[in-house]
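User: Please explain how nonpolar cores and a ligand shell are to be read in a structural model.

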Amino acid sequence: MREPIIRKGDGNKEAEPASDAEGARDESLQERLRPRRLAEVIGQGAVARRLAVSLEAARKRGEPLPHILFDGPPGLGKTTFAMVLHNELGVELSITSGAALDKKMDVMPFLTNATERSILFIDEIHRLPRAVEEFIYPVMEDFRVDVVLGEGMAARTLNLPLKKFTIIGATTRSGMLSSPLRERFGLHEHLEFYGPEDLVRIITINAGKLRATIDQDAAWELATRSRGTPRIANARLRWVRDFSLARADGAITQAVARDALDMQEIDDQGLDKQDRRYLETLIRVFSGGPTGVEALAATMNLAVDTLKDEVEPYLLRREYVVRSPRGRLATRAAYQHLRLPEPPPVPEAEARDPQGRLFD
Ligand SMILES: Nc1ncnc2c1ncn2[C@@H]1O[C@H](COP(=O)(O)OP(=O)(O)OP(=O)(O)O)[C@@H](O)[C@H]1O
Ligand SMILES: [Mg+2]
């Protein structure tokens, strides 16, 4: 198979040089640890099986893959899956981001340069402006672009045929995509948080790649304290490895892993300082809610997007927080985790919202 070609477009966050040495180190670490073939991907079994079917069909028919949308919280493997598909097919890949495609003309070169069966990866696709979105509808459906030439009475539309290629979109906010765009993807794959067994496998394999020795208890300790997220597991693994070299004999044991993670103020459930601050703010400042995410973000002095994309998904998944029509509510588990006295139970009538749904 010929070596796949990667072209990276403007504004692509994966292609941008990291601004500081730490960032650069982290970037290259993630690249080194990223699985390259479908067989190397751990977990997400149902997604991987469906992709294997699409790959086999595309190969047999000599056609491009269907357009694929990956959605899910950061660090769960959206970019990884896109790169794996590109490696598996050995086709050309162009990478860009919704944020970089401001105008129709920004997207044009990606479309006209696309070769037969190649892949165009659009990260953060929810940031595409509506006009650009509409411009790519006919691309996704019929592999053509409609360009309007001239103005007023003299205006005419030119239909430009394109090569048959695949658009792979990634988003942390599939809810922000318009339904016409969402419906034009042949496959829509939602990535879920990983269970500890899958993270143990990822950590063990990656420790090998980092030439670190880790025992199974230590791998389990790390796995249960990585917020169900491979990217976080990788970053914590590197920290634990560094800690084991600096403060122990280089072997990562459970005791070493515990000390290293405690030093970073990661608690026994894997929550970090920011997660606990979120829960503390919700409970102490807003009496456990319900409160709007905007108010929480303002009090914490953080961007709403950071809370929505990075902090809340895992807390919601673990049921420390619930989302009600009136806002965020801390659950009993959150009080217990922070060892705070639980509030008296709310009478059922008060706990109902106007539509009659129970909050907790
Ligand atoms: N299924 C997997 N098996 C093994 N490692 C994985 C898997 N998924 C992700 N990883 C690891 O986690 C890292 C982060 O994954 P990736 O960059 O694909 O996340 P993402 O979903 O694109 O996140 P973002 O929304 O921030 O772009 C990868 O570099 C890779 O090392
Ligand atoms: Mg990504």
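Analyst: The following turns treat the cores and then the ligand shell. This is a predicted model, in which local features need pLDDT of at least 70, side-chain atom pairs count only at pLDDT 80 or more, and totals for chains, interfaces and linings use all residues. Residues are numbered from 1 along each chain as its sequence is written, while chains are lettered from A and ligands numbered from 1 in the order in which they are written.

User: Which residues of the largest nonpolar core touch the most other members?

Analyst: A nonpolar core is a set of buried Ala, Val, Leu, Ile, Met, Phe, Trp, Tyr and Cys residues joined through C-beta atoms within 7 Å; buried means that 20 or more other C-beta atoms, placed from the backbone, lie within 10 Å of the residue's own. Here the largest core has 38 residues, and I203, L222, A233 and A257 touch the most other members. Among the elements that each supply at least two residues are α8 (216-224) and β12 (327-330), helices and strands being DSSP runs of at least four (H or I) and at least two (E) residues, numbered from the N terminus. The helix α7 gives the most, five residues.

User: Why does this core lie between two domains?

Analyst: Domain 2 (196-263) and domain 3 (273-351) both contribute residues to this core, so it lies between them.

User: Which residues come nearest to ligand 1?

Analyst: The shell holds residues whose C-beta atom, placed from the backbone, lies within 6 Å of the molecule. Of its 21 residues, P74, G77, K78, T79 and T80 come nearest to ligand 1. Domain 1 (6-190) and domain 2 (196-263) each provide at least three residues of this shell.

Note on methods
A residue is buried if 20 or more other C-beta atoms lie within 10 Å of its own, exposed if 12 or fewer, and partly exposed in between; C-beta atoms are placed from the backbone. Domain bounds come from an automatic or database domain assignment.
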